[in-house]
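Could you walk me through this model in the viewer, one selection after another? I would like to know what to pick next and what is there.

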Amino acid sequence: MAKSLVYTGKTKNVFALDNGNYLLKFKDDCTGKDGVFDPGENSVGLTIDGVGDINLRMSVYFFEKVNAAGIKTHYISANLADTTMEVLPAKPFGKGLEVICRHKAVGSFYRRYSDYIEEGADLPAYVETTFKNDEKGDPLVTKDGLVDLGVMTPEQYDDIKLMTQKITQIVADDLKEKGLILYDIKFEFGYDKDGSVMLIDEIASGNMRVYKNGEYIDPMTLSKLFFA
């Protein structure tokens, strides 16, 4: 099938297919700084052989589970030999939006609200949204902000929140069976030509904060544990 490059990303390249869908090519490039892998960084810092493959495998695993649960995603199929994933076309919200679901008060959440909560305290699948903007430090934005700025409708926000909580629970339950505890996870959503919300991008270890026996598990170790 013919394909043409439409976007070169930090960890994935995007190709348009002649059937109207898109092809994501997972790369071994990772975000980080000074040669150290860090999923929170905004620039490519190193290359790790096989990381594209393992990110694709984990994404396929969870996308298939999420689809089976009746939650809409952009995932169609994958070719593990080529490290590629075929996906439905989807428009991003605004210039890019990240949706975080938190089961524990850690990271930036705890830094912001430490006057009101203990570090590591349980949270009831707390959902927050941030604009993807490196220069502005990925600013937080509320439902009212998203609606008033014309980024999405109130109904789309409500769908995103509910889908985020359901998908997070699917991931958390799966990790729990492996003795791993999900503290928080980051997603991206888009919408189709009819405005219906769908999960896009990936569901990989670099997008989640996971602990085992009270110890943080870095993304590369998590991937190895996951497929052990």
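A polar contact here is a pair of N or O atoms within 3.5 Å. Keep that cut-off in mind for the first stop, and remember throughout that this is a predicted model.

**Stop 1: helix H5.** Select Asp 218 and Met 220. A side-chain oxygen of Asp 218 lies 3.1 Å from the backbone nitrogen of Met 220, and Asp 218 thereby caps the N-terminal end of H5. Now show the whole helix, residues 219-226, and colour its buried residues: Pro 219, Met 220, Leu 222, Ser 223 and Phe 226. Turn the view to look down the axis of H5: these buried residues fall within an arc of 160 degrees, so they line one face of the helix.

Stay with Phe 226 for a moment. Add Tyr 61, Phe 62 and Phe 227, and you have one aromatic cluster with Phe 226 as a member.

**Stop 2: the nonpolar cores.** As background, nonpolar side chains in soluble globular proteins tend to be buried together. The largest nonpolar core in this model has 44 residues, and those that touch the most other members are Ile 167, Val 171, Leu 175, Phe 189, Ile 203 and Met 208. Which helix gives the most to this core? Select helix H4, residues 154-177: this helix contributes eight residues.

Next, centre on Ile 203. Leaving aside neighbours within four places in sequence, Ile 203 is in contact with residues including Met 58, Phe 62, Phe 63, Val 171, Phe 187 and Met 208. Another core, of six residues, lies apart from the largest one; among its members are Cys 30, Leu 46, Val 51 and Met 220. You have met Met 220 already, as one of the buried residues of H5.

**Stop 3: salt bridges.** The whole structure holds 14 salt bridges. Begin with Lys 65 and Asp 174, whose side chains meet at 2.6 Å, N to O. This pair links distant parts of the chain, with Lys 65 in helix H1 (residues 51-68) and Asp 174 in helix H4, 109 residues apart. Are the two partners buried or exposed? Lys 65 counts as partly exposed because its relative accessibility is 35%, while Asp 174, at 2%, counts as buried.

Keep Asp 174 selected and add Lys 178: these two also form a salt bridge, with the closest N and O atoms 2.9 Å apart. Lys 178 has a relative accessibility of 30%, so this residue is partly exposed.

Now move to Arg 112 and Glu 128, a salt bridge with its closest N and O atoms 2.6 Å apart. Arg 112 sits in helix H2 (residues 107-113) and Glu 128 in strand S11 (residues 122-131), so the bridge ties together parts 16 residues apart in sequence. Arg 112 is partly exposed at 33% relative accessible area, and Glu 128 is buried at 5%. Extend the selection to Arg 102, Asp 184 and Arg 209: together with Arg 112 and Glu 128, they are joined into one network by salt bridges that share partners.

**Stop 4: aromatic pairs.** The count of aromatic pairs comes to eleven. Select Phe 63 and Tyr 75 to see a stacked pair, 5.7 Å centre to centre with 0 degrees between the planes. Phe 63 belongs to helix H1 and Tyr 75 to strand S7 (residues 75-79), twelve residues apart. Both rings' residues, Phe 63 and Tyr 75, are buried.

Finish with Phe 187 and Phe 189. Their ring centres are 6.3 Å apart and their planes stand at 65 degrees, so the pair is edge-to-face. Phe 187 and Phe 189 are both buried.

How values were computed: Residues are numbered from 1 along each chain as its sequence is written. This is a predicted model: local features need pLDDT of at least 70, side-chain atom pairs count only at pLDDT 80 or more; totals for chains, interfaces and linings use all residues. Side-chain values use heavy atoms; hydrogens and water are left out. Buried means under 20% relative accessible area, exposed over 50%, partly exposed in between (1.4 Å probe, protein chains only). Helices (H or I, at least four residues) and strands (E, at least two) are DSSP runs, numbered from the N terminus. The arc is that of the directions from the helix axis to the C-beta atoms. A polar contact is a pair of N or O atoms within 3.5 Å; within protein, one must be able to donate a hydrogen and the other to accept it, and residues adjacent in sequence count only if both atoms are side-chain atoms. A nonpolar core is a set of buried Ala, Val, Leu, Ile, Met, Phe, Trp, Tyr and Cys residues joined through side-chain atoms within 4.5 Å. Contact means heavy atoms within 4.5 Å. A salt bridge is a side-chain nitrogen of Lys or Arg within 4 Å of a carboxyl oxygen of Asp or Glu. Rings of Phe, Tyr and Trp (its six-membered ring) pair if their centres lie within 6.5 Å; planes under 30 degrees apart count as stacked, over 60 as edge-to-face and the rest as tilted.
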